[in-house]
Amino acid sequence: MIDAVSDSLLIGLGLFYKALWPILFGVLLTALIETLIDQDRLADILGGRDVLTAGKASAIGVASSACTFGAVSITQTLFKKGASAESSFAFSFASTNLVFELGILIYVLLGWQFLGAELLGGFLLIAIVYALVRLTLPRELFAQARTRLRDRFPEDPPPVRFTRGVAAPMGWKEQLTSREGWQRIARNYFHTLGKIYKSALFGFFISGFIVALVPHAFWSTLFMKPAGPAGITENAVLGVLAGVFSFIGSIGNVPFAAALWTSGVSFAGVIACIYADLITVPIMNLWQKFFGWKAAAYIFVVFFVTMVASAVAMEYLFDTLGWIPPRLSSQGLMSFLQVKLDFTLVMTALALAGTAALYVLIRWPAETRQQWQ
């Protein structure tokens with residue numbers, strides 16, 4: 001038993017090592033976008049229910065690049081200020097599925113096929129949720145939810161990008177060539193790290209325990225062989241449920257999904273698990289807090305159907321194209337996670353050095369630096 005626990009911890013650490021530089025690099029890109037793009041000016045253009053407005057909301061979501069908790073908080077802010085339900089939910093899916101750090105991490109841990117399914121599926125998620133909400137939205141219920149938000153939450157709760165005060169009126173060239181601009185980037189960088197690190201670490205170590213302790217027979221019994229519509233749909237449904245009850249969100253879902261893939265879960269089940277971060281148990285508690293139980297129940301059903309449908313579509317598409325990757329064995333995973341002199345080691349060293357430089361930038365003011373010169 002002690003050996004199994006040790007193996008679990010080693011696998012978790014190995015996953016963390018492999019994922020560290022993609023996470024840090026993705027967070028840097030997010031910080032650059034958040035600092036250089038004035039998102040506040042975009043918050044008042046999402047009131048329409050048309051496709052174009054939903055497309056704008058998706059673009060804003062990609063630029064905002066939030067963790068799951070942050071995405072839900074920003075969504076309620078947009079909705080409270082007058083954004084339509086369609087554009088608000090499009091923003092939610094874009095800001096949690098079409099973001100840099102998530103895409104890079106999926107590529108490193110699962111390969112380009114899963115990255116492709118995440119990106120294509122992300123656009124499909126937005127299209128499906130838009131269509132479902134456009135056709136089924138209980139308008140009176142969500143009008144009450146908007147009133148509830150304005151009455152109970154007159155101030156934007158953290159973490160909300162629109163009220164952080166880190167953006168500046170300077171142009172992007174001025175910010176990239178000034179100390180003040182890079183200090184804003186650094187503050188955004190560590191703010192984003194602070195939002196995701198707990199979920200990420202939890203996901204890595206839970207993944208290690210799944211690979212080392214849960215027998216493959218458990219997953220093969222739980223998930224049907226994905227042959228035919230029934231098997232593929234069952235895998236997608238269980239994949240979403242696995243994500244819902246994992247209590248993991250955002251970045252942490254990716255190593256958890258990688259553990260499921262190594263353990264024998266199907267392509268549809270794994271990608272469905274990654275999609276599920278917007279309806280995990282703690283996130284549903286946040287939806288309920290903002291929108292009320294009835295509206296939260298509607299959100300859960302619509303999002304659940306959207307995620308299952310997109311995962312099923314990705315399974316069929318990638319199977320037809322022959323793009324479903326070979327499964328990595330436990331032995332292959334251990335070899336993959338070994339620390340050696342390679343691209344991963346070099347990028348990790350650069351990412352840590354960059355992080356240290358940004359930390360010094362915000363912790364060592366210019367006045368102190370001048371005293372040492």
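**Close-up 1. Ser 310, tucked away in a helix.** In this predicted model, Ser 310 has a relative accessibility of 0%, so it counts as buried. The cut-off for that label is under 20% relative accessible area. Ser 310 belongs to helix H15, which covers residues 293-320. So who are its partners, once neighbours within four places in sequence are left aside? Ser 310 is in contact with Gly 121, Leu 124, Leu 125, Ile 128 and Tyr 275. Two of these names come back later: Gly 121 and Leu 125 are among the H6 residues that meet H13, and Tyr 275 is one of the H13 residues that meet H15.

**Close-up 2. Where H13 meets H15.** Here's the view around Ser 310 from the helix side of things. How does H13 cross H15, and at roughly what angle? Their axes come within 9 Å and cross at roughly 140°. H13 and H15 are therefore oblique to each other, and their crossing is right-handed. On the H13 side, look for Phe 267, Ala 268, Ile 271, Ala 272 and Tyr 275. On the H15 side, they meet Met 307, Ser 310, Ala 311, Met 314, Glu 315 and Phe 318.

**Close-up 3. H13 again, now with H6.** Helix H13 (residues 267-275) also has a crossing with helix H6 (residues 112-136). The two axes come within 11 Å and cross at roughly 60°. That angle makes H6 oblique to H13. H6 passes H13 in a right-handed crossing. Which residues do the meeting? From H6 come Gln 113, Phe 114, Ala 117, Glu 118, Gly 121 and Leu 125. From H13 come Phe 267, Val 270, Ile 271, Ile 274 and Tyr 275.

**Close-up 4. Helix H12, a mostly covered stretch.** How many of the 10 residues in helix H12 are buried? The count is 10 of 10, over residues 253-262. To follow the helix along, go through Asn 253, Val 254, Pro 255, Phe 256 and Ala 257, then Ala 258, Ala 259, Leu 260, Trp 261 and Thr 262. Now pick out Ala 257, which sits in H12. Ala 257 is buried because its relative accessible area is 0%. Not counting residues up to four places away in sequence, Ala 257 touches Val 270 and Ile 274, and both of those are among the H13 residues that meet H6. Gly 203 is another residue to find here: its C-alpha is 9.2 Å from that of Ala 257, though the two are 54 residues apart in sequence. After H12 comes Gly 264, which has a positive phi, near 110°.

**Close-up 5. The salt bridge.** How many salt bridges turn up when the whole structure is searched? The answer is one. Its partners are Glu 86 and Arg 49, with their closest N and O atoms 2.5 Å apart. The pair links distant parts of the chain, since Glu 86 is in helix H4 (residues 85-97) and Arg 49 is in the loop between helix H1 (2-36) and helix H2 (51-64), 37 residues away. Are the two partners buried or exposed? Both Glu 86 and Arg 49 are buried.

**Close-up 6. Phe 89 and the largest nonpolar core.** Nonpolar side chains tend to be buried together in soluble globular proteins. The largest nonpolar core here has 104 residues. Which members touch the most others? They are Phe 89, Phe 142, Val 240, Trp 287, Phe 291, Phe 303 and Met 307. Helix H15 gives the most to this core, with 13 residues. Zoom in on Phe 89: leaving aside neighbours within four places in sequence, Phe 89 is in contact with Val 129, Val 133, Phe 142, Trp 287, Ile 299 and Phe 303.

**Close-up 7. Two spots to compare: Ala 63 and Pro 282.** Ala 63 is in helix H2 and counts as buried at 12% relative accessibility. The C-alpha atoms of Ala 63 and Ala 94 are 9.0 Å apart, while the residues are 31 apart in sequence. Pro 282 is in helix H14 (residues 281-291). Is Pro 282 buried or partly exposed? With a relative accessible area of 25%, Pro 282 is partly exposed. Its C-alpha is 9.8 Å from that of Ser 246, a residue 36 places away along the chain.

Terms used: Residues are numbered from 1 along each chain as its sequence is written. This is a predicted model: local features need pLDDT of at least 70, side-chain atom pairs count only at pLDDT 80 or more; totals for chains, interfaces and linings use all residues. Side-chain values use heavy atoms; hydrogens and water are left out. A nonpolar core is a set of buried Ala, Val, Leu, Ile, Met, Phe, Trp, Tyr and Cys residues joined through side-chain atoms within 4.5 Å. Buried means under 20% relative accessible area, exposed over 50%, partly exposed in between (1.4 Å probe, protein chains only). Helices (H or I, at least four residues) and strands (E, at least two) are DSSP runs, numbered from the N terminus. Contact means heavy atoms within 4.5 Å. A salt bridge is a side-chain nitrogen of Lys or Arg within 4 Å of a carboxyl oxygen of Asp or Glu. Axes are lines fitted to C-alpha atoms, for helices over the stretch in contact, and angles run from 0 to 180 degrees between N-to-C directions. Angles under 35 degrees count as roughly parallel, over 145 as roughly antiparallel, 65 to 115 as roughly perpendicular and the rest as oblique. A crossing is left-handed if the near helix is turned anticlockwise from the far one by less than a right angle, and right-handed if clockwise.
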